[in-house]
Amino acid sequence: MNIDWASLGQVFGVSLAATVGLVGVFTLGIVAGSPRTAGNAPSSLARTGAYACYAVCLAAVAYGIYLIAA
């Protein structure tokens with residue numbers, strides 16, 4: 001049994017970068033959509049940015065499911 005270590009390293013690197021990036025975008029969405037001070041709602045621009053971050057996360061998850069199911 002031969003293991004292609006270079007390919008395994010590439011898969012590990014890409015999956016690590018995708019995971020860190022996706023968690024970062026989701027965190028940015030949470031921060032953008034949270035109230036800045038007690039009782040104040042986020043602005044419409046911040047809420048739109050939060051929704052955009054969530055849409056990016058949803059698209060990445062959907063693409064991953066598409067790659068697995070195809």
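**A chat about a two-helix model**

Me: Hi! How much accessible surface does the protein have, and what share of it belongs to carbon and sulfur atoms?
Reply: The accessible surface comes to about 5,500 Å², and 74% of that belongs to carbon and sulfur atoms. Keep in mind that this is a predicted model.

Me: Thanks. How many helices and strands are there?
Reply: The protein has 2 helices and 0 strands. Its radius of gyration is 17 Å, well over the 11 Å that the globule rule gives for 70 residues, so the protein is more spread out than a compact globule.

Me: And what does the C-alpha trace span along its principal axes?
Reply: About 60 × 25 × 15 Å.

Me: What part of the 70 residues is buried?
Reply: Buried residues make up 10% of them.

Me: Okay, new topic. How many disulfides does the structure hold?
Reply: It holds 0 disulfides. A disulfide is a covalent bond between the sulfur atoms of two cysteines.

Me: Why is there no bond from C53 to the closest cysteine sulfur?
Reply: That closest sulfur is in C57, and it lies 7.0 Å from the sulfur of C53, too far for a bond. The cut-off for a disulfide is 2.5 Å. Seen from the other side, C57 is in no disulfide either, with the sulfur of C53 as its nearest cysteine sulfur.

Me: Are C53 and C57 buried or exposed?
Reply: C53 is buried, at a relative accessible area of 11%. C57 counts as buried too, at 9%.

Me: What about aromatic rings, how many pairs are there?
Reply: The count comes to 2 aromatic pairs. In the pair of F26 and Y54, the ring centres are 5.5 Å apart and the planes stand at 50°, so this pair is tilted.

Me: Where do F26 and Y54 lie?
Reply: F26 is in helix α1 and Y54 is in helix α2, which covers residues 44-69. The pair therefore ties together parts that are 28 residues apart in sequence.

Me: How accessible are F26 and Y54?
Reply: F26 is partly exposed, at 41% relative accessibility. Y54 is also partly exposed, with a relative accessible area of 31%.

Me: Last one: which residues make the nonpolar surface patch?
Reply: M1, I3, W5 and L8 make it, and the patch is about 560 Å².

Me: Where is I3 placed, and how accessible is I3?
Reply: I3 sits in the segment before α1, the helix of residues 5-33. Its relative accessible area is 43%, so I3 is partly exposed. Patches are made of residues with over 30%, and I3 passes that cut-off.

Definitions and conventions:
Residues numbered from 1 in each chain as written. Predicted model: local features only at pLDDT ≥ 70, side-chain atom pairs only at ≥ 80, totals over all residues. Heavy atoms only, no water. Patch = residues over 30% accessible without salt bridge, like charges linked within 9 Å, V, L, I, M, F, W, Y side chains within 5 Å. Areas by Shrake-Rupley, 256 points an atom, 1.4 Å probe, with all protein chains shown as cover. Salt bridge = Lys/Arg side-chain N within 4 Å of Asp/Glu carboxyl O. Helix = DSSP H or I, 4+ residues; strand = E, 2+ residues; numbered from the N terminus. Buried < 20%, exposed > 50% of the residue type's maximum accessible area, 1.4 Å probe, protein only. Rg over C-alpha atoms; globule rule 2.2 N^0.38 Å. Phe/Tyr/Trp six-rings, centres within 6.5 Å; stacked < 30°, edge-to-face > 60°.
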